[in-house]
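Reader: I'm in my first year and still learning to look at models like this one. Could you take me through the salt bridges slowly, and then show me what surrounds them?

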Amino acid sequence: MTEPAWLTVLTTTDSEEKARSLARSVVEARLAACAQISAPVTSVYRWENAIESTEEWQVLLKTTAERYDELEEHIEAVHDYDTPEIIAVPVVRGSARYLGWVTARTAPVVAP
């Protein structure tokens, strides 16, 4: 089985402003071709032996498998959570034009 060439990466944060900042930073760094921010979601989870319920903003990032490690490092560096959610879901199929666009927009810039 071959590794997928493209991924959708999911993360969350606790404010719209932080979600927008994260989205912009990964697109500017060419680690994701685009980012989509979903309206507030309610997350229910166990943290430090307690059940928590928090309003969060989801950020979906479109990238290539080649850029994943750098994207994960970037998210961990800029995120203020102790353990940020970072989940990569393989893109099994997609429009060739769209996936080509993702590939082109996440390619590292090579200096002349």
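**A close look at the salt bridges**

Author: Let's begin inside helix α1, where Glu28 and Arg24 sit four residues apart, or about one turn of the helix. Keep in mind as we go that you're looking at a predicted model. Glu28 and Arg24 make a salt bridge, and their closest N and O atoms are 3.5 Å apart. Each of these two residues, Glu28 as well as Arg24, is exposed. As for the general idea, side chains carrying opposite charges can pair up when their charged atoms come close. Searching the whole structure turns up five salt bridges, so there's plenty to look at.

Now for a pair that reaches much further along the chain. Asp80 and Lys18 join through their side chains in a salt bridge, at 2.5 Å from N to O. Lys18 belongs to helix α1 (residues 16-28), while Asp80 is in the loop between α2 (68-78) and β5 (87-90), so this pair ties together parts that lie 62 residues apart in sequence. How covered are the two partners? Asp80 has a relative accessible area of 45%, so it counts as partly exposed. Lys18 is partly exposed too, at 33%. The story doesn't stop at two residues, either: Asp14 joins Lys18 and Asp80 in a network of salt bridges.

One more bridge is worth a stop. Arg67 and Glu70 bring their side chains together in a salt bridge, with 2.9 Å between N and O. Here the partners contrast nicely: Arg67 is buried, with a relative accessible area of 6%, whereas Glu70, at 40%, is partly exposed. The cut-off that matters here is 20%, because a residue counts as buried when its relative accessible area is under that value.

Right after Arg67 in the numbering comes Tyr68, so let's step over to that one. Tyr68 is part of helix α2, and with 16% relative accessibility it is buried. If you skip the residues up to four places away in sequence, Tyr68 touches Leu7, Val9, Ile86 and Ala88. Not everything is close by, though: Ser15, which is 53 residues from Tyr68 in sequence, is 24 Å away from C-alpha to C-alpha.

Val9 and Ala88 turn up again when you look at the strands. Val9 has Ala88, in β5, as its bridge partner, and the two strands concerned, β1 and β5, pair in the antiparallel sense over four bridges. Strand β1 also pairs with β4, again antiparallel, over eight bridges. One of the spots to find there is Leu10, which stands opposite Leu60 in β4. Much of β1 (residues 6-13) is hidden from view: seven of its eight residues are buried.

Leu60 leads us on to Cys34. This residue lies in strand β2 (residues 34-37) and is buried, at 18% relative accessible area. Cys34 and Leu60 are 26 residues apart along the chain, yet their C-alpha atoms are 8.3 Å apart. Beyond its neighbours within four places in sequence, Cys34 has contacts that include Leu60, Leu61, Tyr98 and Trp101.

There's open space to look at as well. The largest pocket has a volume of about 250 Å³. Two elements each give two or more residues to its lining, namely β3 (41-47) and β4 (50-64). The largest share, four residues, comes from β3. Among the lining residues you'll find Thr12, Tyr45, Trp47, Glu56, Asp82 and Glu85. Sorted by character, the lining has four nonpolar, four polar and three charged residues.

Finally, zoom out to the whole chain. You'll count three helices and five strands, and from the N terminus they run β-α-β-β-β-α-β-α. The C-alpha atoms fill a box of roughly 50 × 35 × 25 Å along the principal axes. Of the 112 residues, 32% count as buried. And far-apart pairs like the ones we visited have company: among the contacts with a separation of 6 or more, 73% are between residues 24 or more positions apart.

Terms used: This is a predicted model: local features need pLDDT of at least 70, side-chain atom pairs count only at pLDDT 80 or more; totals for chains, interfaces and linings use all residues. Side-chain values use heavy atoms; hydrogens and water are left out. On a 1 Å grid over the protein atoms alone, a cavity is a set of points where a 1.4 Å probe fits but cannot get out, and a pocket is an open set with protein on both sides within 12 Å along at least five of seven lines; lining residues have an atom within 4 Å of a point. Grid points are joined across faces, edges and corners, and a volume is the space filled by probe spheres set on the points. Ala, Val, Leu, Ile, Met, Phe, Trp, Tyr, Cys and Pro count as nonpolar, Asp, Glu, Lys and Arg as charged, and the others, Gly among them, as polar. A salt bridge is a side-chain nitrogen of Lys or Arg within 4 Å of a carboxyl oxygen of Asp or Glu. Buried means under 20% relative accessible area, exposed over 50%, partly exposed in between (1.4 Å probe, protein chains only). Two strands pair if DSSP finds at least two bridges between them. Contact means heavy atoms within 4.5 Å.
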